[in-house]
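The exercises below are meant to be worked through with the sequence and the model side by side. Try each task before reading its solution.

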There are 2 protein chains.
Amino acid sequence: MKVRVAVSLKPGVLDPQGRAIHHALEGLGFSGVRDVRAGRLIELDVADETPDSAIEEMCRKLLANQVIENYRIEKVAG
Amino acid sequence: MKVRVAVSLKPGVLDPQGRAIHHALEGLGFSGVRDVRAGRLIELDVADETPDSAIEEMCRKLLANQVIENYRIEKVAG
């Protein structure tokens with residue numbers, strides 16, 4: 001089973017990486033970009049019988065820092 | 001308009017970050033994890049009139065290194 005975990009900074013948390021990307025896009029001449037936030041995407045291939053609770057626990061214990069980050073779990077078909 | 005760009009390493013490209021996460025999950029006692037790949041998630045807030053071609057071009061020119069990475073563009077409702 002393929003599972004995607006998207007980890008993004010909580011609103012209000014300073015995001016220097018996102019700001020650098022924003023400035024670089026402007027430097028390349030792209031206009032109309034209002035905001036950029038950078039996050040992580042972790043793709044897991046887990047055994048089909050893995051319960052949702054185990055995936056939640058992986059996020060809480062390792063994949064996301066819940067003080068400053070939110071995570072979102074998406075199961076991928078196939 | 002919110003747009004999410006998911007950048008992930010192409011299959012076959014060595015992923016030390018993903019491997020480190022895999023080992024850490026095993027060390028925490030999670031079994032049944034077969035593979036872990038680490039990527040980036042870039043959330044853009046762009047003007048509503050931004051054409052798809054401009055977003056494609058941002059990916060090709062800055063956000064993804066197409067030699068070793070694939071990108072996927074998702075428009076987020078709202």
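**Exercise 1.** Leaving aside neighbours within four places in sequence, with which residues is Arg4(A) in contact?

*Solution.* Keep in mind throughout that this is a predicted model. Begin by placing the residue: Arg4(A) lies in strand β1 of chain A, which covers residues 2-9. Next, list its contacts, setting aside neighbours within four places in sequence: they are Leu41(A), Ile42(A), Glu43(A), Arg72(A), Ile73(A), Glu74(A), Val76(A) and, from the other chain, Arg72(B). One of these partners deserves a further look, since the side chains of Arg4(A) and Glu43(A) make a polar contact at 3.3 Å. Finally, Arg4(A) counts as buried because its relative accessibility is 17%, and the cut-off for that class is under 20%.

**Exercise 2.** Determine where Asp45(B) is placed, and find its salt-bridge partner in chain A.

*Solution.* The first step is to find Asp45(B) in strand β2 of chain B, which spans residues 33-46. The second step is to collect its contacts beyond four places in sequence, which are Gly32(A), Val33(A), Arg34(A) and Asp35(A) from chain A, together with Met1(B) and Lys2(B) from chain B. The third step singles out Arg34(A), which forms a salt bridge with Asp45(B), with 3.1 Å between the closest N and O atoms. In total, two salt bridges are counted between chain B and chain A. As for accessibility, Asp45(B) has a value of 17% and therefore counts as buried.

**Exercise 3.** Describe the contact between chain B and chain A, and say which element of chain B gives the most residues to it.

*Solution.* Start with the extent of the contact: 35 residues of chain B and 35 residues of chain A take part, and the area buried between the chains is about 2900 Å², with 61% of it from carbon and sulfur atoms. On the chain B side, Phe30(B), Arg34(B) and Leu41(B) lose the most area to chain A, together accounting for 19% of what that side buries. Then turn to polar contacts, of which the interface holds twelve residue pairs. The elements β1 (2-9), α1 (16-27), β2 and α2 (52-63) of chain B each supply at least two residues of the side that touches chain A, and β2(B) gives the most, with 14 residues. Sorted by class, this side of chain B has 19 nonpolar, five polar and eleven charged residues.

**Exercise 4.** Work out how β2(B) pairs with strands of both chains, and explain why β2(B) is largely enclosed.

*Solution.* Across the interface, β2(B) and strand β2 of chain A (residues 33-46) pair in the antiparallel sense over 13 bridges. Two positions illustrate this pairing: Ile42(A) has Ala38(B) as its bridge partner, while Asp45(A) stands opposite Asp35(B). Within chain B, β1(B) and β2(B) also run antiparallel and are joined by six bridges, and here Ala6(B) stands opposite Leu41(B). To complete the answer, ten of the 14 residues of β2(B) are buried, so the strand is largely enclosed by the rest of the structure.

**Exercise 5.** Is Met58(A) buried or exposed, and which residues does it contact beyond four places in sequence?

*Solution.* Locate Met58(A) in helix α2 of chain A, residues 52-63. With a relative accessible area of 1%, Met58(A) is buried. Its contacts beyond four places in sequence are Leu44(A) and Leu63(A) in chain A, and Leu25(B), Phe30(B) and Val33(B) in chain B.

Terms used
Residues numbered from 1 in each chain as written. Chains lettered and ligands numbered in written order. Predicted model: local features only at pLDDT ≥ 70, side-chain atom pairs only at ≥ 80, totals over all residues. Heavy atoms only, no water. Helix = DSSP H or I, 4+ residues; strand = E, 2+ residues; numbered from the N terminus. Buried < 20%, exposed > 50% of the residue type's maximum accessible area, 1.4 Å probe, protein only. Contact = heavy atoms within 4.5 Å. Buried area = accessible area lost by both parts, 1.4 Å probe. Salt bridge = Lys/Arg side-chain N within 4 Å of Asp/Glu carboxyl O. Polar contact = N/O pair within 3.5 Å; in protein donor to acceptor, adjacent residues only side chain to side chain. Nonpolar A, V, L, I, M, F, W, Y, C, P; charged D, E, K, R; others polar. Pairing = 2+ DSSP bridges.
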